[in-house]
Amino acid sequence: MVTKQLSVRGNLLRSAKAGNFVDVVSGFNSSIYFEQENKRINAKSIIGVLSMNLNDGDEIRVLADGSDEEQAIEAVNSYIEKGIEE
């Protein structure tokens with residue numbers, strides 16, 4: 001299992017952009033989760049991602065577990081910290 005602490009940038013995990021994020025992480029075999037305080041969600045679930053109600057500057061912990069966990073963490077890091085071109 002690989003974990004990484006990240007700071008959310010802008011509103012990349014809200015509304016339509018959350019759907020783009022879920023599309024990106026759903027391509028990995030690993031299980032991917034977000035944790036914040038006492039809440040853990042499946043990052044491959046749009047309902048889960050939206051339920052986190054993440055805002056610019058919020059800190060989250062990302063966990064990935066599986067055969068491509070390193071690549072999954074890097075993809076999440078890239079999306080959250082750098083954003084994506086739409």
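Contact here means heavy atoms within 4.5 Å. With that in hand, let us walk through the structure. This is a predicted model, in which local features need pLDDT of at least 70, side-chain atom pairs count only at pLDDT 80 or more, and totals for chains, interfaces and linings use all residues. Residues are numbered from 1 along each chain as its sequence is written, and side-chain values use heavy atoms, with hydrogens and water left out.

**Glutamate 59 and its surroundings**

Glutamate 59 is a friendly place to start. Leaving out residues up to four places away in sequence, glutamate 59 touches Gln5, Leu6, Ser7 and Gln36. Its place is in strand 4; strands (E, at least two residues) and helices (H or I, at least four) are DSSP runs, numbered from the N terminus. Glutamate 59 counts as partly exposed because its relative accessible area is 41%; the cut-offs are under 20% for buried and over 50% for exposed, with partly exposed in between (1.4 Å probe, protein chains only). Its C-alpha atom is separated by 17 Å from that of glutamate 74, 15 residues apart along the chain.

Two of the touching residues also meet glutamate 59 through polar atoms. The side chains of glutamate 59 and serine 7 make a polar contact of 3.4 Å. Such a contact is a pair of N or O atoms within 3.5 Å; within protein, one must be able to donate a hydrogen and the other to accept it, and residues adjacent in sequence count only if both atoms are side-chain atoms. Serine 7 belongs to strand 1, and beyond four places in sequence its contacts are Gly57, Asp58, Glu59, Ile80 and Glu81. From strand 2 comes glutamine 36, with a polar side-chain atom 3.5 Å from the backbone oxygen of glutamate 59. Not counting neighbours within four places, glutamine 36 is in contact with Met52, Leu54, Asp58, Glu59 and Ile60.

**A charged network**

Side chains of opposite charge can pair when their charged atoms come close. A salt bridge is a side-chain nitrogen of Lys or Arg within 4 Å of a carboxyl oxygen of Asp or Glu, and by this rule the count comes to two:

| Pair | Closest N to O |
|---|---|
| Arginine 40 and glutamate 35 | 2.7 Å |
| Arginine 61 and glutamate 35 | 3.5 Å |

The bridge between glutamate 35 in strand 2 and arginine 61 in strand 4 links distant parts of the chain, 26 residues apart. Through shared partners, Glu35, Arg40 and Arg61 are joined into one network. Arginine 61 is partly exposed because its relative accessibility is 35%, and arginine 40 is partly exposed because its relative accessible area is 46%.

Arginine 40 has another partner: its charged end sits over the ring of tyrosine 33, 5.2 Å from the ring centre. For this to count, NZ of Lys or CZ of Arg must be within 6 Å of the ring centre and within 35 degrees of the ring normal.

Lysine 4, in strand 1, touches Arg61 as well as Ile60, Val62, Ile73 and Asn77, leaving aside residues up to four places away. Lysine 4 counts as partly exposed because its relative accessibility is 29%. The C-alpha atoms of lysine 4 and alanine 64, 60 residues apart along the chain, are separated by 9.0 Å.

**The nonpolar core**

A nonpolar core is a set of buried Ala, Val, Leu, Ile, Met, Phe, Trp, Tyr and Cys residues joined through side-chain atoms within 4.5 Å. The largest one has 25 residues, and Phe21, Ile32, Phe34 and Val76 touch the most other members. At least two residues of this core come from each of strand 1 (2-7), helix 1 (15-25), strand 2 (31-36), strand 4 (59-65) and helix 3 (69-82). Helix 3 gives the largest share, six residues.

Beyond four places in sequence, phenylalanine 21 is in contact with Leu13, Phe34, Ala43, Val49, Val76 and Tyr79. Phenylalanine 21 counts as buried because its relative accessibility is 0%, and phenylalanine 34 counts as buried because its relative accessibility is 0%.

The structure holds two aromatic pairs. Phenylalanine 21 and phenylalanine 34 form a tilted pair, 5.5 Å centre to centre with 35 degrees between the planes. Rings of Phe, Tyr and Trp (its six-membered ring) pair if their centres lie within 6.5 Å; planes under 30 degrees apart count as stacked, over 60 as edge-to-face and the rest as tilted. This pair links helix 1, home of phenylalanine 21, with strand 2, home of phenylalanine 34, 13 residues apart. Phe21, Phe34 and Tyr79 form one aromatic cluster.
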